[in-house]
Amino acid sequence: MTETFGGRPLVLIGTGGLARGLAYALATLARTPLRLVVAGRTPERAAEVCYVTTTRAALTGAPVVAEPVPVDLTGDPAGDLVSTLAGLNPAGVVLAASTQSPWEATHAPSAWTSLVRSAGFGLTLPFQADFAVRTGRAVAEACPDAWFVNACFPDAVNPVLSALDVPVLCGIGNVNLLAASLRGTLRLGADEHLAVLAHHAHLHAQPEEARAWVGGEPVAGVGGLLAAQRSTTRSELNHVTGLAAARVLLGVLAGEEQRVSLPGPLGLPGGYPVRLTGSRLELDLPAGLSREEAVAFNQRSAARDGVIVENDTISFTSDLTEIPKFPVHELDRVRLELDQLRTRLRDRHPSEHPHA
């Protein structure tokens with residue numbers, strides 16, 4: 001192989017299903033040399049992701065090499081992550097790891113997972129935001145000219161990051177997955193522009209459905225067009241989410257202009273059509289739709305998802321929780337309280353969950 005991989009790497013933090021889907025997609029799509037660093041708490045899992053990624057790249061002819069580094073965000077990660085990132089000097093960092101597994105309800109159902117299902121996924125925001133805040137701050141300290149992309153519930157976490165003055169470019173998944181699904185269902189050509197306004201909540205059917213436009217014209221019956229995606233298991237969806245995210249990240253690395261739909265851009269709640277030129281991002285809303293209207297739409301969806309982040313305040317919206325709204329800077333305190341509740345409820349049958 002004649003390619004050189006001495007340039008600034010892309011760092012991917014996480015070794016779960018989404019991280020793997022993203023890494024394996026990079027191994028098939030990249031057309032210019034890419035050094036991918038996979039950071040994980042378990043060295044064996046990080047090495048496994050790197051083996052599959054590098055081998056797939058060799059088979060497809062993609063100029064990608066992957067290497068593992070140990071990073072444990074479950075302890076006190078500040079010094080460890082900052083020094084690791086400073087040594088790597090990455091072009092960008094992608095976080096795809098949190099302390100609340102999306103698989104828990106399937107593999108270990110309990111009173112906790114039952115409560116989350118009833119109260120809304122938004123109840124897990126403190127767990128989703130924990131690593132994102134730490135990672136974003138580490139990126140800002142260690143390599144301030146690198147961009148940071150958060151894959152952990154970006155529809156609500158990125159507004160938290162914004163309120164805490166933690167730089168974040170955007171998220172991946174959610175509205176980007178919905179847009180990919182609509183593009184496939186509608187059989188759109190590569191040159192046909194699709195814009196989607198949607199929230200994480202729209203991964204499932206909602207009273208107020210996701211909105212989409214093709215060539216500036218509204219698309220009717222969006223809910224029906226998303227039926228196949230909504231009936232597909234999460235593990236399979238990671239193959240689509242990972243591929244869609246890889247396309248975006250490679251475009252950012254190459255400095256290309258992209259018109260896509262992404263979650264949490266500019267620290268906003270929910271997902272929006274955007275225009276990316278390298279790592280410069282701006283909203284790209286359809287004619288006749290104002291920023292205020294788009295944000296209000298996503299905040300209504302956020303309420304149905306269980307949490308609203310507005311300015312510097314977080315509010316859980318379900319009547320199943322007695323935790324009042326609280327300022328963003330108290331996120332760690334609320335996370336510790338919820339963690340105690342989660343620990344207790346994990347030992348109980350799904351039918352036994354009390355009010356939080």
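**Notebook: cores, sheets and a helix**

I started with the largest nonpolar core, which has 53 residues; L85, L95, L125 and I314 touch the most other members. I noted that helix 6, residues 125-142, gives the most to this core, with 9 residues. I should keep in mind that I am looking at a predicted model.

Next I picked I314 and asked: which residues is I314 in contact with, leaving aside its neighbours within four places in sequence? I found L125, V160, V307, I308, V309, K325, F326, V328 and L331. Apart from this core, I came across another one, of 40 residues, including V94, V149, L249 and V252.

**A sheet of three strands**

I then turned to an open sheet whose 3 strands come in the order 10-11-12, with antiparallel pairing. Why is one side of strand 10 and of strand 12 left without a neighbour in the sheet? Strand 10 (257-263) and strand 12 (280-283) stand at the edges with a single partner strand each, so one side of each has no neighbour there. I also looked up the twist: on average, neighbouring strands of this sheet are turned by 35° against each other, direction ignored.

A reminder to myself: strands of a sheet pair through backbone hydrogen bonds, either parallel or antiparallel. Here I followed strand 10 alongside strand 11 (residues 271-277), and the two pair in the antiparallel sense over 7 bridges. For one spot to find on screen, I chose L262, which stands opposite Y272 in strand 11.

**The helix on that sheet**

What packs on the sheet, touching strand 10 and strand 11? I found helix 8 (residues 175-186), whose direction makes about 115° with that of strand 10. I checked its length too: helix 8 has 12 residues and reaches 16 Å from its first C-alpha to its last, close to the 16 Å expected at 1.5 Å a residue.

I listed the buried residues of helix 8 as well: V175, N176, L177, L178, A179, S181 and L182. Just after helix 8 I met R187, and its phi is positive, near 55°.

**A parallel pair**

Last, I looked for a parallel example. Strand 2 (residues 34-40) and strand 3 (residues 64-70) pair in the parallel sense over 7 bridges. I located G40 and saw that its bridge partner in strand 3 is P70. How does the chain cross from strand 2 to strand 3? I traced it through helix 2 (residues 43-60), and this β-α-β crossover is right-handed.

Methods. Residues numbered from 1 in each chain as written. Predicted model: local features only at pLDDT ≥ 70, side-chain atom pairs only at ≥ 80, totals over all residues. Heavy atoms only, no water. Core = buried A, V, L, I, M, F, W, Y, C linked by side-chain atoms within 4.5 Å. Buried < 20%, exposed > 50% of the residue type's maximum accessible area, 1.4 Å probe, protein only. Helix = DSSP H or I, 4+ residues; strand = E, 2+ residues; numbered from the N terminus. Contact = heavy atoms within 4.5 Å. Pairing = 2+ DSSP bridges. Axes fitted to C-alpha atoms, helices over the stretch in contact; angles between N-to-C directions. Expected span 1.5 Å × (residues − 1). Right-handed = clockwise from strand over helix to strand, strands pointing away.
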